[in-house]
Amino acid sequence: MSHWFHRNCLKATGPLETKHLTPVLTSQKANQIVNELKQKRAQLVSKMGDLLSDPRSTPVIEDYLPLIRGFAQSVTGAESPLQHLLKFKWTQSLGGRNPEVQSDAVFEIGNVCVNIALWFMKRAAKVASSNSYSEADAKEVHTCLRTAAGIFDYVLEKVSPHLDSSKVEDWHDCTVPILTAYKLECTAEAQEVTVARAIELKHKPDLISALTHETSKLFSDADIALRECDVEYVTKWRRYLQVKIKFYAAYARAYQGEHMLTLDKCGDSIKTLREAKKLYAEAEGLCKQYAHALGNSVGEVNPAKHPFFKRLGSIIELRLQKSERENGFIYYHKIPEELPELELKATYGLAAPIPFEMPAVHPIYTEEAYKDFTVQKTAPPKITGSDKDDLPPAKETDIGGDTKNIDSGGSCVIS
């Protein structure tokens, strides 16, 4: 288990209802479009909980998105005449089985893209939880997280501004705070993979310190995005982000302390490593809060027991003992009152979202095909009370990486 990632639940959705379109469909082509849309959507929804499948090589994504885009946008780029013909239901990743319902294909695009991004996040967590984690696995985790970040960014910039936000809560998935937090979290987690690689290859400690400092800042920005959201829904998620903030801040100071010793600044090294120890203790406290916080997450994880977390405690303790020993035998430096400044910007190794491009409108949508839908014969489907009935949770493959059976005394020591 090389990494620990918190994951919220997949969004659930109801089946697509199309019976009300019977008087609207005037040709075989129109019937074909609706049937294919319904079929491809069902296939995509059933596949998204399968974490054993790599979403990058799953054709159902590319099959469905061009079809639903034709309901939101015409071949000319204008608003599609079909945009409000179908009713879509989606729950939120942060909790509740009561769905949000809208008759809007743009709403569907936003929510299905968010769920695809969550699928990429969960696939990354599934691969990272393996006990036989390889370099190829690390590359897949890194790519999945950057891909997810790019999809969240697409929904944030291109879809969310066009949604009806009049009845949306601040913890709903297609709102600016949630999309921003997800995007930043995925970027930070991708950078965690870079950090692990840099440590494995024994890069210079000042580079690792700068990278971990930047990673801590990304998690901090994600946490800030959630500050104004309903605490009932975001508390556990925020505790996770706060654990990572302190954890990587401690990492940054630990490797800065090692770097200071290579510069023969033993007093600065001790001061910095003591700060790392303090930050690590604060992270441990947040781990306890995370374990008891309520939230819509999956998996039973006590992060303080995770090898990923315990490894850093050993690093800090060994580095601090070495610096204090060297100072007592060789340097005799006074411990400064002020902490040395951290390197503010890593020179390379920073992760960035992979830009997401929505597939073009499916070629089945010709101008003649749109005319085969007599939209003037029907009003947008009404949203009734039964539409708000609870939906069953989305089915998901177990991510793995649970820590409930890990022996608290079995940490790995790195010297």
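How many residues does the hairpin use to join strand 1 to strand 2? The hairpin runs through two residues. The model is predicted.

**The strand pair**

Strand 1 covers residues 88–92, and strand 2 covers residues 95–102. They pair in the antiparallel sense, over four bridges. In this pairing, Phe88 stands opposite Gln102 of strand 2.

Strand 1 is mostly covered, with five of its five residues buried. In a regular strand, side chains alternate between the two faces of the sheet. Here both faces of strand 1 are covered. Phe88, Trp90 and Gln92 are buried on one side. Lys89 and Thr91 are buried on the other.

**Two loop residues**

Asp170 and Pro303 each lie in a loop between helices. The table sets out their places and accessibility.

| Residue | Loop between | Relative accessible area |
|---|---|---|
| Asp170 | helix 4 (135–159) and helix 5 (176–200) | 32%, partly exposed |
| Pro303 | helix 8 (266–292) and helix 9 (307–331) | 0%, buried |

Why does Pro303 count as buried? Its relative accessibility is 0%, and buried means under 20%. Asp170 has a relative accessible area of 32%, so this residue is partly exposed.

Pro303 can also be placed against Glu282. The two are 21 residues apart in sequence. In space, 13 Å separates them, C-alpha to C-alpha.

**The charged patch**

Asp170 is also part of a negative surface patch. Its partners there are Glu169, Glu228, Asp230 and Glu232. Patch residues need over 30% relative accessible area, and Asp170 has 32%.

Key. Residues numbered from 1 in each chain as written. Predicted model: local features only at pLDDT ≥ 70, side-chain atom pairs only at ≥ 80, totals over all residues. Heavy atoms only, no water. Patch = residues over 30% accessible without salt bridge, like charges linked within 9 Å, V, L, I, M, F, W, Y side chains within 5 Å. Areas by Shrake-Rupley, 256 points an atom, 1.4 Å probe, with all protein chains shown as cover. Salt bridge = Lys/Arg side-chain N within 4 Å of Asp/Glu carboxyl O. Lys, Arg positive; Asp, Glu negative; His and termini not counted. Charge placed at Lys NZ, Arg CZ, Asp CG, Glu CD. Buried < 20%, exposed > 50% of the residue type's maximum accessible area, 1.4 Å probe, protein only. Pairing = 2+ DSSP bridges.
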